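Trainee: I keep meeting words like "buried" and "oblique" and I'd like to know what earns them. Can we go through a structure together?

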Amino acid sequence: MRPLVVISIAAFVVAMLAMFLVKHEVRGLERELASLELDRQRHVEAIRVLRSEWSYLTRPARIADLAARHLSLEPVQATQVKWLPRSPSRPTLLLTPTAAELER
Amino acid sequence: MKDLAVRCWWRPHHAPVPGGEAERELPPSLERARGRLMLTGVVFLLCFGALVVRTLDVAVIGAPVGTTVTGAGGALNPAARADIVDRNGVLLASNLPTHALYVEPGKIMDRDAAVAALGDLFPDLDLRRVTTLVDSDRKTALLRHNLTPEQAHAINRLGDPGLWLERREQRFYPQGRLFAHAVGFTDVDNRGLAGIEKAVGEELRRRAGSDGGPLALSLDIRVQHALADALHETMTAHRARGAAGIVMDVQNGEVLALVSLPAFDPKAPDRDGTEARFNRATHGTYELGSTFKPFTVALALDRGIAGLEDSYDATRPLRASRYLIRDHRPENRWLTVPEILIHSSNVAAARLAMQVGAERQRAFFDALGMFERAPLEAPERGRPIAPRRWGAIATMTVGFGHGLAVTPLHLIASYAALVNGGVTVTPTLLRRGAGASLERRRVISAETSAIMRMLLYAVVAEGTGGKAAVPGYLVGGKTGTAEKAIGGKYKRDSMITNFVGVFPIDRPRYAVLTLFDEPKGNEETFGFATAGWTAAPTAGAVIERIAPFLGIPAAIGPGESEAEPPIVWRDGDGGQHASL
């Protein structure tokens, strides 16, 4: 009888302590989670703003203007590009429909 | 007492019990106490059982898979809209967080200090209006949209309970005017009012709610910029009222660029006036002139009504009741079918159209969708204006592009069908996946389509479209110059000039349309403002710029000799014509 009571009380105390500790830990974790979530949202927002800014700063008109001022490059001419492999008989195909077209 | 303790309710009845028979002899008061004790035990047991079951339920069975923690900002926001990006992922429209400032007159602590602070923060604010607002008995009133972060911070620091901020989402268009007509814009509550923003507003909202990522358009910012730039240059040089341009994939109908000039600022759409808001590319309907002749020729060739070697009388203007059909630059001779396009003869085209007949012509334009609004993800789509009576006169005039007013979008989509092997395409501003099933109807045979490619090539190589030629690329196309009908009369000096170019014409991938509203001649063009001098060179400039980065192989490379003449045909006198 007596040992049972002692064991019960001991178990009770241990359980209480354990529960208190776990609860405390959970509360801490929850706080950490909330702050991480807040952080995440802040970052998501920052990324959104930065993406907009990047897109704004890389407007083609602005890039063209900057390139004209600071670079000595010109648009590529067709004759500067070599394409491999080249089909030798390209232009003569004008009059005949392609196989894919006939299938449609 | 000991007796009671050992005689617990769970003790088996057959076990030997100390005290033996004495059990039954318990006094009634103890008997009652035992009954109560048992009842209490059972109740407690039930309670603990319920707790155990519930704990297991929460911790083991119903444990959430992965955490779903939603913070304050993650809640569904009615103003949330997905981003819009171009086909390569470049941002075209996004939401930026801002604040809106509300005033609650009943809670204002220090009226004069608050008004003074507001005056400092917003120099353009009408302070008298604010004062009357603060003195009024309204509950709350919106004072200001789109505060900058600094302004929001200053309001918070002020700490007046009568002034409070609400988080808002503001639509932002980093590309400014470049995509004004195609993408459109929203109102202050982020409801789409024009363009893609209106046409697929529901989809944008749905995506934002379900984290579906940005909406990808078929537009390509590089192509859009090249087109807008070239159109703007010509428009300025020729003092045109406006311009429009479209670049379309002729195989699947994807629109790579859609420009209408003058453009407006999507941030303040009202500031640039209604003319700038008007989308000439998809909303404006115009009689487009000679760019219609290829339809007449294609129909005649496809139905076997005329052959390439047949020739038509263009020796003198053609009288049709009270109209006189004449050529812009008359050849005054009989013209073969290819020559009708090369020299752009109204007279010969009218004769060809008469031979085709009204019924077939009407059915053909119907099949091309020229009597309906063109399908596109845009609310601004013009309804074509067709002749009320499709008689002989209408047949002749429509044969060379007068009497039937359509949008530039109709024209380029129909050209796509002419050159892509003869099937219709459905224009779209949304990016189509590689495996997208397309609804297509055949309008001409693949053979006729191949002939049309050759003829359009001849127009650029030898005819009125010469200034659209691009060194190294095979370009085909057709010019169109039409006098504008103003008040029922055609006006000589106000013209619509347009050009549709296709490249590479031997393996058609893209079509480019350019259109100018009332261009005027200048010194450089010897006073001419016709399509061959305005629209064609602009399209050529666009093709020259976009072809390399669209991955179109050039027909000739460095150090190579020019290609063999690709096409040969006979003219009316039996002489041979060769191109290139």
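Mentor: Sure. One thing to settle up front: axes here are lines fitted to C-alpha atoms, and angles run from 0 to 180 degrees between N-to-C directions. Keep in mind as well that this is a predicted model.

Trainee: Okay, so what makes α11(B) and α17(B) oblique to each other?

Mentor: The axes of α11(B) and α17(B), the latter spanning residues 446-462, cross at roughly 140 degrees and come within 10 Å. Angles over 145 count as roughly antiparallel, and 65 to 115 as roughly perpendicular. The angle fits neither range, so α11(B) and α17(B) are called oblique.

Trainee: Which residues make that contact?

Mentor: From α11(B) you have Pro294(B), Val297(B), Ala298(B), Leu301(B) and Asp302(B). Their partners in α17(B) are Thr448(B), Ile451(B), Met452(B), Leu455(B) and Leu456(B). The crossing itself is right-handed.

Trainee: Now α14(B). Which of its residues are buried?

Mentor: Helix α14 of chain B covers residues 358-367, and its buried residues are Gln361(B), Phe364(B) and Phe365(B).

Trainee: How do you know that they sit on the same side of α14(B)?

Mentor: Look at the arc around the axis: they cover only 95 degrees, which puts them on the same side of α14(B). Glu359(B), Ala363(B) and Asp366(B), on the other side, are exposed.

Trainee: What do the buried residues of α14(B) pack against?

Mentor: Three helices of chain B: α11 (293-302), α13 (346-356) and α15 (392-399). So α11(B) turns up again, this time packed against α14(B). Just after α14(B), by the way, Gly369(B) takes a positive phi of about 80 degrees.

Trainee: Over to chain A. Why is Ser52(A) called partly exposed?

Mentor: Count the neighbours: Ser52(A) has 19 other C-beta atoms within 10 Å. Buried needs 20 or more, and exposed means 12 or fewer. The count for Ser52(A) falls in between, so partly exposed is the label.

Trainee: Where does Ser52(A) lie, and what does it touch?

Mentor: Ser52(A) lies in helix α1 of chain A, residues 2-57. Leaving out residues up to four places away in sequence, Ser52(A) touches Leu91(B), Ser94(B), Leu96(B), Phe172(B) and Pro174(B).

Trainee: And what is the rest of chain A made of?

Mentor: Chain A comes to 3 helices and 0 strands, running α-α-α from the N terminus. Of its 104 residues, 5% are buried.

Terms used
Residues are numbered from 1 along each chain as its sequence is written. Chains are lettered from A and ligands numbered from 1 in the order in which they are written. This is a predicted model: local features need pLDDT of at least 70, side-chain atom pairs count only at pLDDT 80 or more; totals for chains, interfaces and linings use all residues. Helices (H or I, at least four residues) and strands (E, at least two) are DSSP runs, numbered from the N terminus. The arc is that of the directions from the helix axis to the C-beta atoms. Two residues are in contact if their C-beta atoms, placed from the backbone, lie within 7 Å. Angles under 35 degrees count as roughly parallel, over 145 as roughly antiparallel, 65 to 115 as roughly perpendicular and the rest as oblique. A crossing is left-handed if the near helix is turned anticlockwise from the far one by less than a right angle, and right-handed if clockwise.
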